[in-house]
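Work through the following exercises with the sequence and the three-dimensional view side by side. Try each task on your own before you read its solution.

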Amino acid sequence: NKQVIFRDYVSGFPKESDLYLTTSTVSLAIAEGSNTVLVKNLYLSCDPYMRIVMTKLEDNNLFSSFTPGSPITGFGVAKVVDSGHPEFKKGDLVWGTTGWEEYTLIQKPETLFKIHHTDVPLSFYTGILGMPGMTAWAGFYEICSPKKGEYVYVSAASGAVGQLVGQFAKLMGCYVVGSAGSKEKIELLKNKFGFDDAFNYKEEQDLNAALKRHFPEGIDIYFDNVGGKMLDAVLLNMRVRGRIAACGMISQYNLNQPEGVHNLMHTIYKEIRLEGLAVFSYFSQYSKFLDVVLPFIREEKIVYVEDLTEGLENAPAALVGLFSGRNVGKQVVVVAKE
Ligand code: NDP
């Protein structure tokens with residue numbers, strides 16, 4: 001059983017060497033009456049929150065840290081190899097929290113979602129039909145309270161979550177601008193995902209000026225994936241009763257001391273609603289989410305770009321690459337295809 005092991009708690013930017021590969025043996029049958037499920041991992045999801053749990057966390061109600069010396073865990077798509085749980089049988093396809101290894105014994109199979117729709121790529125259950133998809137859906141439709149014609153800004157817009165938020169906003173009839181960190185990503189935003197406009201934040205000296213150029217009338221909705229200086233600049237450009245979904249703050253995850261946000265007074269001046277999102281709170285609405293998003297995929301109203309990396313040996317580089325923007329679209333590690 002090839003495994004990706006967490007070396008030790010990380011400070012600053014994560015490196016490939018913070019993870020290492022080992023091989024151990026695994027029994028492919030589970031003990032009778034154990035109520036567990038043994039799965040073969042097919043696709044593993046690289047998600048920015050995984051940097052947060054590489055730190056030794058205290059007082060965090062949402063996450064628990066990775067354990068040094070053990071395989072890291074994350075969302076993935078897997079196939080049931082053996083089951084002691086009445087609700088799962090050999091051959092079932094599932095997605096949920098699993099280990100970064102070839103085979104994982106799932107102690108709490110109740111946390112897994114069964115995959116019933118296989119007319120779409122299975123890897124989509126790490127992205128558009130999994131946790132990031134739920135994030136975009138809940139963040140945009142629930143937290144942002146969007147209306148037709150509103151001005152929407154999305155940061156980290158070409159990624160797993162951002163590309164969906166932009167497309168949901170276009171379907172709603174909004175005017176949508178996204179930012180991302182390379183020319184290739186800007187092209188994708190404009191030509192593949194149908195954003196009205198896009199800019200490379202790395203080429204902007206003055207983020208406030210960049211936002212004023214793209215939103216001369218101001219921003220109604222900001223879907224924040226990055227936090228930090230971008231959030232500060234957005235606060236200066238919000239319209240009255242605008243909404244900000246605080247989804248992620250990837251610009252802060254590698255800093256030992258997070259940057260301050262200076263313009264929060266504007267939430268008062270403009271009566272802005274800034275609301276944090278924890279996607280786990282929406283997992284109970286998964287079937288409602290599928291009812292909305294599966295037809296979007298089948299009717300080709302939405303496209304989804306993935307960045308597939310083959311092999312567990314390349315998984316550390318794929319995960320670490322999220323923090324330099326190496327991934328173009330949803331970063332997935334392919335462990336096995338079936
Ligand atoms: P992405 O697929 O967008 O990958 C991360 C991207 O972030 C990189 O490709 C890079 O793109 C960008 N990035 C990296 N460092 C910085 C930086 N310092 N400043 C600005 N951008 C940076 O990730 P996801 O779509 O999976 O996640 C997006 C955000 O949503 C993250 O903050 C994540 O933590 C959050 N999230 C929150 C959830 C919740 O429940 N609240 C659930 C899921 C995700 P670029 O080239 O554009 O810089």
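**Exercise 1.** Which residues make a nonpolar surface patch of about 210 Å²?

Before the solution, note that this is a predicted model, in which local features need pLDDT of at least 70 and side-chain atom pairs count only at pLDDT 80 or more, while totals for chains, interfaces and linings use all residues. Residues are numbered from 1 along each chain as its sequence is written, and side-chain values use heavy atoms, with hydrogens and water left out.

*Solution.* Step one is the rule: patches are made of residues with over 30% relative accessible area and no salt bridge, where like charges are joined within 9 Å and nonpolar side chains (Val, Leu, Ile, Met, Phe, Trp, Tyr) within 5 Å. A salt bridge here is a side-chain nitrogen of Lys or Arg within 4 Å of a carboxyl oxygen of Asp or Glu, and accessible areas come from the Shrake-Rupley method with a 1.4 Å probe, only the protein chains shown counting as cover for residues. Step two is the result: Val261, Leu264 and Leu274 make the patch. Step three looks at one member, Leu264, which is found in the loop between E12 and helix H7 (265-269) and is partly exposed, with a relative accessible area of 43%. Helices (H or I, at least four residues) and strands (E, at least two) are DSSP runs, numbered from the N terminus; buried means under 20% relative accessible area, exposed over 50%, and partly exposed in between (1.4 Å probe, protein chains only).

**Exercise 2.** Find which side chains meet Glu150 in salt bridges, and describe how covered the partners are.

*Solution.* Begin with Lys147, whose side chain meets that of Glu150 at 3.7 Å, N to O. Lys147 is partly exposed, at 48% relative accessible area, whereas Glu150 is buried, at 9%. Next take Arg243, whose salt bridge with Glu150 has an N to O distance of 2.5 Å. This pair links distant parts of the chain, 93 residues apart, since Arg243 belongs to strand E12 (residues 238-246) and Glu150 to the loop between helix H2 (131-143) and strand E8 (151-154). Both Arg243 and Glu150 are buried. Finally, a search of the whole structure finds 16 salt bridges.

**Exercise 3.** Is Lys330 buried or exposed, and what does its side chain contact?

*Solution.* First locate Lys330, which lies in strand E15 (residues 330-334). Its relative accessible area is 1%, so Lys330 counts as buried. Then look for polar contacts, pairs of N or O atoms within 3.5 Å; within protein, one must be able to donate a hydrogen and the other to accept it, and residues adjacent in sequence count only if both atoms are side-chain atoms. One such contact, of 2.7 Å, joins the side chains of Lys330 and Ser45, and a polar side-chain atom of Lys330 also lies 3.2 Å from the backbone oxygen of Cys46.

**Exercise 4.** Work out how many residues surround the ligand, and which polar atoms approach its oxygen atoms.

*Solution.* Start with the count: 26 residues surround the ligand (a heavy atom within 4 Å of it), and the closest are Lys185, Tyr201, Tyr253, Leu277 and Asn327. Continue with the distances: an oxygen atom of the ligand is 2.4 Å from an N or O atom in the side chain of Tyr201, one is 2.9 Å from a polar backbone atom of Gly181, and one is 2.8 Å from a backbone N or O atom of Asn225. End with the cover: of the 920 Å² of accessible area that the ligand has on its own, the protein covers 90%.
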